[in-house]
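Let's take a walk through this protein together, one piece at a time. Have the picture open as you read.

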Amino acid sequence: MLTEAIARAAHLVADGLVNAREAVGALRGAGISSVAQLERLVEDCRRDLKLDATLHVHGAPHPLPPGPALALYRGVEEALTNAARHAPGTATQIRLTYLPERTTVSIENTPPASGGDPLAGAAAAPLSGFGGGNGLAGMRERIESVGGTMHAGPTERGWVVDLAVPTPAGSP
């Protein structure tokens with residue numbers, strides 16, 4: 001129990017440092033990570049994590065407030081890291097959908113086109129020794145703190161994480 005509390009505290013401190021860096025960057029004019037930068041994030045994951053990831057965007061993009069935009073971005077980042085860590089070799093589809101009432105992102109990993117078990121090789125994943133095991137809980141807390149929802153769980157062929165945040169009044 002103490003070990004879990006320490007691990008959770010370490011995760012919260014790391015998350016807090018990321019948030020502080022984002023805030024300082026915003027004050028310096030660097031901007032905050034948001035859904036507008038998902039294409040670059042996916043490209044980085046393909047290159048750095050050797051993840052077979054594809055981004056699909058549906059609907060007319062509209063701006064989101066910084067909090068929800070960052071929550072979605074960090075949620076996708078965590079889900080992609082989890083896919084690389086726990087299901088290497090799988091194909092990961094990211095669907096960003098702009099709806100009038102909400103913006104959603106679905107991250108789903110399934111077997112690669114050649115078939116196979118979507119969880120095969122998880123123990124040998126290059127990132128399997130990293131992380132505190134609080135990724136999904138932290139993701140849920142972040143999304144819920146901006147009025148959004150999160151669902152994560154197994155599918156018939158892999159794993160899915162669904163994130164949604166409300167669209168602000170007055171957005172298209």
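## Starting with the sheet

The easiest way in is the open sheet, which has five strands in the order β1-β2-β3-β5-β4 and mixed pairing. At the edges sit β1 (52-58) and β4, each of which pairs on one side only. On average, neighbouring strands in this sheet are turned by 10° against each other, direction ignored. Keep in mind that what you're looking at is a predicted model.

Where does the sheet fit along the chain? Counting from the N terminus, the elements run α-α-β-α-β-β-α-β-β, so to speak a mix of four helices and five strands.

Now let's go across the sheet strand by strand. A bit of background helps here: strands of a sheet pair through backbone hydrogen bonds, either parallel or antiparallel. At one edge, β1 and β2 pair in the parallel sense, over seven bridges. You can spot this pairing at D52, which stands opposite A91 in β2.

Move on to β3 and β5, and the pairing is antiparallel, with eight bridges. Here S106 has D162 of β5 as its bridge partner. On the way to the other edge, β5 also pairs with β4 (residues 149-154), again in the antiparallel sense, this time over six bridges. β4 and β5 form a hairpin, with four residues between them. Two places to look are H151, standing opposite D162 in β5, and M150, standing opposite L163 in β5. D162 is worth a second glance: S106 is its bridge partner, and H151 stands opposite D162 too.

## Helices across the strands

Next, look at what lies against the sheet. Helix α3 lies across β1, β2, β3 and β5, and runs at about 175° to β5. Helix α4 lies across β4 and β5, running at about 20° to β5.

How does the span of α3 compare with what its 21 residues should give? At 1.5 Å a residue they should span 30 Å, and the end C-alpha atoms are indeed 30 Å apart, so the two agree. The helix is also mostly covered, with 15 of its 21 residues buried.

Two residues of α3 make a nice pair to look at. N82 is found in this helix, and it counts as buried because its relative accessibility is 16%, where buried means under 20%. Leaving aside neighbours within four places in sequence, N82 is in contact with A87 and L136. G67 also has its place in α3, but G67 is partly exposed, with a relative accessible area of 35%. From G67, look over to I143: the two are 76 residues apart in sequence, while their C-alpha atoms are 9.0 Å apart in space.

## Into the core

What holds the most contacts inside the largest nonpolar core? This core has 28 residues, and those with the most contacts inside it are L72, V76, L80, I94, I107 and L163. The elements giving two or more residues to it are α2 (38-48), α3 (66-86), β2 (91-98), β3 (102-110), α4 (135-145) and β5 (159-166). The largest share, nine residues, comes from α3.

L163 is a good place to stop and look around. Not counting residues up to four places away in sequence, L163 touches L72, G75, V76, T103, T104, V105, I107, M139, I143, T149 and M150. Among these is M150, the residue that stands opposite L163 in β5, and also L72, V76 and I107, which are listed with L163 among the core residues with the most contacts.

## Stepping back

Finally, take in the whole protein. Of its 172 residues, 37% are buried. Its accessible surface comes to about 9,400 Å², and 59% of that belongs to carbon and sulfur atoms. And how much of the contact picture comes from residues 24 or more positions apart? Among contacts with a separation of 6 or more, such residues account for 67%.

How values were computed
Residues are numbered from 1 along each chain as its sequence is written. This is a predicted model: local features need pLDDT of at least 70, side-chain atom pairs count only at pLDDT 80 or more; totals for chains, interfaces and linings use all residues. Side-chain values use heavy atoms; hydrogens and water are left out. Buried means under 20% relative accessible area, exposed over 50%, partly exposed in between (1.4 Å probe, protein chains only). Contact means heavy atoms within 4.5 Å. Accessible areas come from the Shrake-Rupley method with a 1.4 Å probe; for residues, only the protein chains shown count as cover. A nonpolar core is a set of buried Ala, Val, Leu, Ile, Met, Phe, Trp, Tyr and Cys residues joined through side-chain atoms within 4.5 Å. Two strands pair if DSSP finds at least two bridges between them. Axes are lines fitted to C-alpha atoms, for helices over the stretch in contact, and angles run from 0 to 180 degrees between N-to-C directions. The expected span of a helix is 1.5 Å times one less than its number of residues.
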